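Hello,

Here is the structure I promised to pass on to you. Please have a look at it first, and then read on for what turned up.

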Amino acid sequence: MRDVTPAVGAAWSEHRQLSDQLAALVRADPRTGRFDRELRVMHDALESHAHLDEERQMFPEIERFADEEQLIELGDRLQARLGRLRSSRRLRTVHRLQRALLRRTAR
């Protein structure tokens, strides 16, 4: 997909930025100004990423350049990757820890 649209690289970059910003937000004390600044940065990053509009921009662009066989293969690969991610004990543990940290900072 990277060969078809540069938006894929931008999406990966934004996902990484969101992950990094979430880590910074979790480390900030909610009673401080730093927390407010990190929260604003997180909000801005989420807004920016939401405007990338992957489903309405990237996927139709890929559909224009790929034939049916390529689209089916891509769909199969995406489904397999999603299945691996959903069944990953390590990933589930990381998400559980992230949620626990977010709940803790929300207090």
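**A salt bridge within helix α2**

Glu38 and Arg34 lie 4 residues apart in helix α2, so about one helical turn separates them. The two form a salt bridge, with their closest N and O atoms 3.6 Å apart. The partners differ in how they are covered: Glu38 is buried at a relative accessible area of 16%, whereas Arg34 is partly exposed at 34%. Helix α2 itself covers residues 33-52. What does Glu38 touch beyond its neighbours within four places in sequence? Its contacts there are Gln21, Ala24, Leu25 and Ala28. Of these, Gln21, Ala24 and Leu25 fall in the range of helix α1, which takes in residues 7-27.

Before going further, please keep in mind that this is a predicted model.

**The overall picture**

The protein has 5 helices and 0 strands, and reading along the sequence gives the pattern α-α-α-α-α. Of its 107 residues, 24% are buried. The protein exposes about 8600 Å², and carbon and sulfur atoms supply 52% of that area. I also looked at how far apart in sequence the contacting residues are. Taking the contacts with a separation of 6 or more, 56% are between residues 24 or more positions apart.

One pair of residues that you may like to display is Ala50 and Glu14. They are 36 residues apart in sequence, yet their C-alpha atoms are 9.9 Å apart in space. Ala50 belongs to helix α2, as does Glu38. Is Ala50 buried or exposed? With a relative accessibility of 52%, Ala50 counts as exposed, because the cut-off for that class is over 50%.

**The other salt bridges**

How many salt bridges does a search of the whole structure find? The search gives 3, and the Glu38 and Arg34 pair described above is one of them.

Another joins Asp20 to Arg16, where the closest N and O atoms are 3.1 Å apart. Here too the spacing is 4 residues, this time in helix α1, so the partners are about one helical turn from each other. Asp20 is partly exposed, with 37% relative accessibility, while Arg16 is exposed, with a relative accessible area of 53%.

There is also a salt bridge between the side chains of Arg31 and Asp29, with an N to O distance of 2.9 Å. Arg31 is exposed at a relative accessible area of 75%. Asp29, at 29% relative accessibility, counts as partly exposed.

**A positive patch on the surface**

The last thing to point out is a patch of positive charge on the surface, where Arg89, Arg92, Arg96, Arg99 and Arg103 gather. Where does Arg92 sit? It is found in helix α5, which runs over residues 89-106. The relative accessible area of Arg92 is 38%, which makes this residue partly exposed. That value also meets the requirement for patch members, which need over 30% relative accessible area.

If you open the model now, Glu38 is a good place to begin, as this residue is buried and also takes part in a salt bridge with Arg34. From there you could turn to the arginines of the surface patch, among them Arg92 in helix α5.

Enjoy the structure, and best wishes!

Note on methods. Residues are numbered from 1 along each chain as its sequence is written. This is a predicted model: local features need pLDDT of at least 70, side-chain atom pairs count only at pLDDT 80 or more; totals for chains, interfaces and linings use all residues. Side-chain values use heavy atoms; hydrogens and water are left out. Helices (H or I, at least four residues) and strands (E, at least two) are DSSP runs, numbered from the N terminus. Buried means under 20% relative accessible area, exposed over 50%, partly exposed in between (1.4 Å probe, protein chains only). Contact means heavy atoms within 4.5 Å. Accessible areas come from the Shrake-Rupley method with a 1.4 Å probe; for residues, only the protein chains shown count as cover. Patches are made of residues with over 30% relative accessible area and no salt bridge: like charges are joined within 9 Å, nonpolar side chains (Val, Leu, Ile, Met, Phe, Trp, Tyr) within 5 Å. A salt bridge is a side-chain nitrogen of Lys or Arg within 4 Å of a carboxyl oxygen of Asp or Glu. Lys and Arg count as positive and Asp and Glu as negative; His and the chain ends are not counted. The place of a charge is taken as NZ of Lys, CZ of Arg, CG of Asp or CD of Glu.
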